[in-house]
Amino acid sequence: MTQLQARGLVRSYGPTPALRGITMEVAEGEIVAVTGPSGCGKSTLLHCLAGILRPDAGEVAWRGHRIDTWSEAARSRLRRTEFGVLFQFGQLVAELTAAENVALPLLLAGTGRRAARTAALTWLDRFGVAELADVRPGEMSGGQQQRCATARALVTEPRVLFADEPTGSLDTLTGEQVLTQLVRLAREQRTTVVLITHEPRIAAYADREIVLRDGVIDHTGLGLDAAPVTGGVR
Amino acid sequence: MSTPHVLLGLLAGGTKHGYDLKRAHDERLPQARPLAYGQVYATLGRLVRDGLVAPAGQERLAGPDRTAYALTEEGRDALDLWLSTVEPPMPHVNSTLFAKVVVALLVADVTRARTYLIAQRRAHTDRLRELTALKTNPTATVDDVVAADYAIAHLDADLRWLHTTLDRVADWHREVHR
């Protein structure tokens, strides 16, 4: 089943175009890397697909439902329940402990406090940081913070995880450990992943790669030769 | 790669016969080209001739007798010297990949060179994905991971070069044919 679909996405920041007509699909359980040089529109595409930004033109559909026309409240609810979002710098809440940070999306979605904490501890354990449950982000290393942030992004068991340079702030080995575990758990749960990166070695964790260049899909890019002429759908 | 020195290293832990050496080589260097038996025995012959390795008795398990080999003092010295000598970091740019792009620009047009670069980029990416799957497989040994890491780092560097060169092809072609 198609999990995400974009058709003719256009988005500008003032006079500067970021996306100039993106058409693509991502299947359920698929891990897709979106790559390309700085400023090519990778992050804008992720924000449009995740319902954070509204495109100026074109459509975004999730499981066949067009979401770009939804209200901010409805899109926000979708992100809390069905989507997970992970950024380069984990963006943990500084005042909360690791367990409280990871439990937060569940509490916002209405899960009881005790059940949310139990789930948070399980997910912290899956990322090897259970011992940090009662530690605040300021007392953790960058790698530990990113492990907690990844656990938080997956704790609601989202259908789609959007990850924007999730290992960009980590050293090679730590980044690989976080990514390996993220990909393993996503595959186990058939979570669809949209992974933004500019690094070939990170993109290699994905099933498929979409290369952007100046706001359009570069069809001369990797593995996209079979794509139809009308867009980047595969 | 220096096969004689690798064999000396594999003998440093104790005597081994040719079959053991071949198996240990392929196990410890999982992404290297597997060693042929003929190459093992030919190399052992040269190492014995040079006094770096000596026969250390016959062994019969099943089938014919097998000669076990041991490292000599000279062999251990040669191994120590090899291990303490820093490899010259890329003294010459002599990869086939680089040469092929240069020649493509000399004898063909920008499109031909770019087509080659794109095809090569795809082949590199496919291999990168294969190696990533291999190293992230839960059954991968540390030998597998370290060997895959080495290959991935080199493929990653090649890919970066291919990406930037694709952007430079037109300028480069103009300069070559000025």
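# Exercises on a predicted two-chain model

Among contacts in chain B of this predicted model between residues at least 6 apart in sequence, 55% join residues at least 24 apart. The exercises below begin with chain B and then turn to the cores and to chain A.

## Exercise 1: The outline of chain B

Describe the elements of chain B and the extent of its C-alpha trace.

Solution. Begin with the elements: chain B holds seven helices and three strands, and, read from the N terminus, they follow the order α-β-α-α-β-β-α-α-α-α. Next take the extent, for which the C-alpha trace spans about 65 × 40 × 30 Å along its principal axes. Then set the radius of gyration of chain B, 22 Å, beside the value near 16 Å that a compact globule of 178 residues would have. Finally, consider burial, where 23% of the 178 residues of chain B count as buried.

## Exercise 2: Two domains

State into which domains chain B is divided, and how far apart their centres lie.

Solution. The first step is to find the bounds, which are 3–84 for domain 1 and 96–176 for domain 2 of chain B. The second step is to take the centres of these two domains over C-alpha atoms, and they are separated by 34 Å. The third step is to look at the contacts, in which five residues of domain 1 of chain B meet five residues of domain 2 of chain B. On the domain 1 side of this meeting there are two nonpolar residues, one polar residue and two charged residues.

## Exercise 3: Where the chains touch

Work out which helix gives the most residues to the side of chain B that touches chain A.

Solution. Start from the contact itself, in which 11 residues of chain B touch nine residues of chain A. The elements that give two or more residues to the chain B side are helix H6 (110–136) and H7 of chain B. Of the residues on that side, H6(B) gives the most, namely eight. Sorted by class, the side of chain B that touches chain A has four nonpolar, three polar and four charged residues.

## Exercise 4: The nonpolar cores

Identify the residues with the most contacts inside the largest nonpolar core, and follow one of them to its partners.

Solution. The largest nonpolar core has 81 residues, and those with the most contacts inside it are A:Leu49, A:Val102, A:Leu124, A:Phe162 and A:Val194. The element that gives the most to this core is helix H7 (residues 142–176) of chain B, with seven residues. To follow A:Leu49, leave aside its neighbours within four places in sequence; its contacts are then A:Leu4, A:Ala6, A:Val60, A:Phe162 and A:Val194. Apart from this core lies another, which has 16 residues, including B:Leu8 and B:Leu71.

## Exercise 5: Two open sheets

Give the strand order of the open sheet of four strands in chain A and of the open sheet of three strands in chain B.

Solution. In chain A the order is E2-E1-E4-E5, with antiparallel pairing, and the edge strands, each of which pairs on one side only, are E2 (16–27) and E5 (65–66) of chain A. Within this sheet, strand E1 (residues 2–13) of chain A pairs with E2(A) over nine bridges in the antiparallel sense, and A:Tyr13 stands opposite A:Thr16 in E2(A). In chain B the order is E1-E3-E2, again with antiparallel pairing, and the edge strands are E1 (16–17) and E2 (53–59) of chain B. Five bridges join E2(B) to strand E3 (residues 66–71) of chain B, and the bridge partner of B:Gln58 in E3(B) is B:Thr67.

## Exercise 6: Three loop residues

Decide whether A:Gly112, A:Arg63 and A:Glu165 are buried, partly exposed or exposed.

Solution. The cut-offs are 20 or more other C-beta atoms within 10 Å for a buried residue and 12 or fewer for an exposed one, with partly exposed in between. A:Gly112, in the loop between helix H3 (98–108) and helix H4 (113–126) of chain A, is exposed because it has 10 C-beta neighbours inside 10 Å. A:Arg63 lies in the loop between strand E4 (57–62) and E5 of chain A, and it is partly exposed because 14 other C-beta atoms lie within 10 Å. A:Glu165, in the loop between strand E7 (160–164) and helix H6 (172–189) of chain A, is buried because 20 other C-beta atoms lie within 10 Å. As a last step, check the backbone: phi is near 50 degrees in A:Arg63, and phi of A:Glu165 is likewise near 50 degrees.

Conventions
Residues numbered from 1 in each chain as written. Chains lettered and ligands numbered in written order. Predicted model: local features only at pLDDT ≥ 70, side-chain atom pairs only at ≥ 80, totals over all residues. Domains from an automatic or database assignment. Contact = placed C-beta atoms within 7 Å. Nonpolar A, V, L, I, M, F, W, Y, C, P; charged D, E, K, R; others polar. Core = buried A, V, L, I, M, F, W, Y, C linked by C-beta atoms within 7 Å. Rg over C-alpha atoms; globule rule 2.2 N^0.38 Å. Pairing = 2+ DSSP bridges.
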